[in-house]
Amino acid sequence: MSIETLVIWLVVGLIAGWLASAVVGGGYGIVGDIVIGIVGAFVGGWLFRALGVGAPGSGIVSTIIVAFVGACVLLLLLRALHRTRYRST
C-alpha cells in the first residue's frame, strides 16, 4: 500500500465518519471518526452488494457515500448495543 492510498483511506474515513456522527450523533473524536468511517466503508460495501445496489456516481464521492451509509449503520448498531448492554445491568 502506498502512502497516497493510505492518505486517501484516512481522508475518506474521516469525512464519512464525521458526516455519520453529525447525522446520527454520538461522535468519537477525530480518531474514532476515522475508524468508524473506514469500518463503515467495509460495512457499506457489503450492504450495497448484499442488496444488489450499485454505488451512486463514481470516484471518490461514490466511495464517501458508501462509507457514509455504512458508518451510519455502524453507529446505529453501536448505539443499540450500548443501550442493551447498560439496560441489562
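This is a short tutorial dialogue on reading a predicted model of one protein chain.

User: Where do I start? How many helices and how many strands are there in the chain?

Analyst: Start with the elements. The chain has three helices and zero strands. Read from the N terminus, the order is α-α-α. The C-alpha atoms fill a box of roughly 45 × 30 × 25 Å along the principal axes.

User: The model is predicted. What is the mean pLDDT of the chain?

Analyst: The general idea comes first. Where pLDDT is low, the predicted coordinates should not be read in detail. Here the chain has a mean pLDDT of 87. A value of 70 or more is reached by 93% of its residues.

User: Which element has the highest mean pLDDT, and which the lowest?

Analyst: Helix 1 has the highest, at 91. Helix 3 has the lowest, at 87.

User: Next, packing. How do I describe two packed helices?

Analyst: Give two values: the angle between their axes and the distance between the axes. Take helix 1 and helix 2 (residues 29–51) in this model. They pack at an angle of about 100 degrees, and their axes are 6 Å apart. Angles of 65 to 115 degrees count as roughly perpendicular, so helix 1 and helix 2 are roughly perpendicular to each other.

User: Which residues make the contact of helix 1 with helix 2?

Analyst: Helix 1 brings Trp9, Leu10, Gly13, Leu14, Ala16, Gly17, Trp18 and Ser21. Helix 2 brings Ile30, Asp33, Ile34, Gly37, Ile38 and Phe42. By type, the residues of this contact divide into nine nonpolar, four polar and one charged.

User: Now the interior. What do nonpolar side chains tend to do?

Analyst: In soluble globular proteins, nonpolar side chains tend to be buried together. For this chain, look at the largest nonpolar core. Seven residues make it up: Ala20, Val24, Ile36, Ala71, Cys72, Leu74 and Leu75.

User: Which helices each supply at least two residues of this core, and which gives the most?

Analyst: Helix 1 (3–24) and helix 3 (59–87) each supply at least two. Helix 3 gives the most, with four residues.

User: Let me zoom in on one core residue. What does Ala20 touch beyond four places away in sequence?

Analyst: Ala20 touches Gly25, Phe68, Ala71, Cys72 and Leu75. Among them, Ala71, Cys72 and Leu75 also belong to the largest nonpolar core.

User: How much of the chain is buried?

Analyst: Buried residues make up 28% of the 89 residues. Let us try single residues. Phe48 lies in helix 2. Buried means under 20% relative accessible area, and Phe48 has 14%, so Phe48 is buried.

User: What is Phe48 in contact with, apart from neighbours within four places?

Analyst: Phe48 is in contact with Val53, Gly54, Ala55, Pro56, Val66 and Val69. Set that beside a distance. The C-alpha atoms of Phe48 and Ile8 are separated by 21 Å, with their positions 40 residues apart along the chain.

User: And Leu47? Where does Leu47 lie?

Analyst: Leu47 lies in helix 2. Its relative accessibility is 21%, so Leu47 counts as partly exposed. Beyond four places in sequence, Leu47 touches Val69 and Val73. The C-alpha atoms of Leu47 and Gly70 are 7.5 Å from each other. Along the chain, Leu47 and Gly70 are 23 residues apart.

User: Is Ser62 buried or exposed?

Analyst: Ser62 lies in helix 3. Its relative accessibility is 7%, so Ser62 counts as buried. Ser62 touches Ala55, Pro56 and Gly57, leaving out residues up to four places away.

User: Gly57 is on that list. Is Gly57 buried or exposed?

Analyst: Exposed means over 50% relative accessible area. Gly57 is at 67%, so Gly57 counts as exposed. Gly57 is found in the loop between helix 2 and helix 3. The C-alpha atoms of Gly57 and Val24 are separated by 23 Å.

User: One last view. What share of contacts with a separation of 6 or more joins residues 24 or more positions apart?

Analyst: The share is 66% of those contacts in the chain.

Technical notes: Residues are numbered from 1 along each chain as its sequence is written. This is a predicted model: local features need pLDDT of at least 70, side-chain atom pairs count only at pLDDT 80 or more; totals for chains, interfaces and linings use all residues. Side-chain values use heavy atoms; hydrogens and water are left out. A nonpolar core is a set of buried Ala, Val, Leu, Ile, Met, Phe, Trp, Tyr and Cys residues joined through side-chain atoms within 4.5 Å. Buried means under 20% relative accessible area, exposed over 50%, partly exposed in between (1.4 Å probe, protein chains only). Contact means heavy atoms within 4.5 Å. pLDDT is the predictor's confidence in each residue, from 0 to 100. Axes are lines fitted to C-alpha atoms, for helices over the stretch in contact, and angles run from 0 to 180 degrees between N-to-C directions. Angles under 35 degrees count as roughly parallel, over 145 as roughly antiparallel, 65 to 115 as roughly perpendicular and the rest as oblique. Ala, Val, Leu, Ile, Met, Phe, Trp, Tyr, Cys and Pro count as nonpolar, Asp, Glu, Lys and Arg as charged, and the others, Gly among them, as polar.
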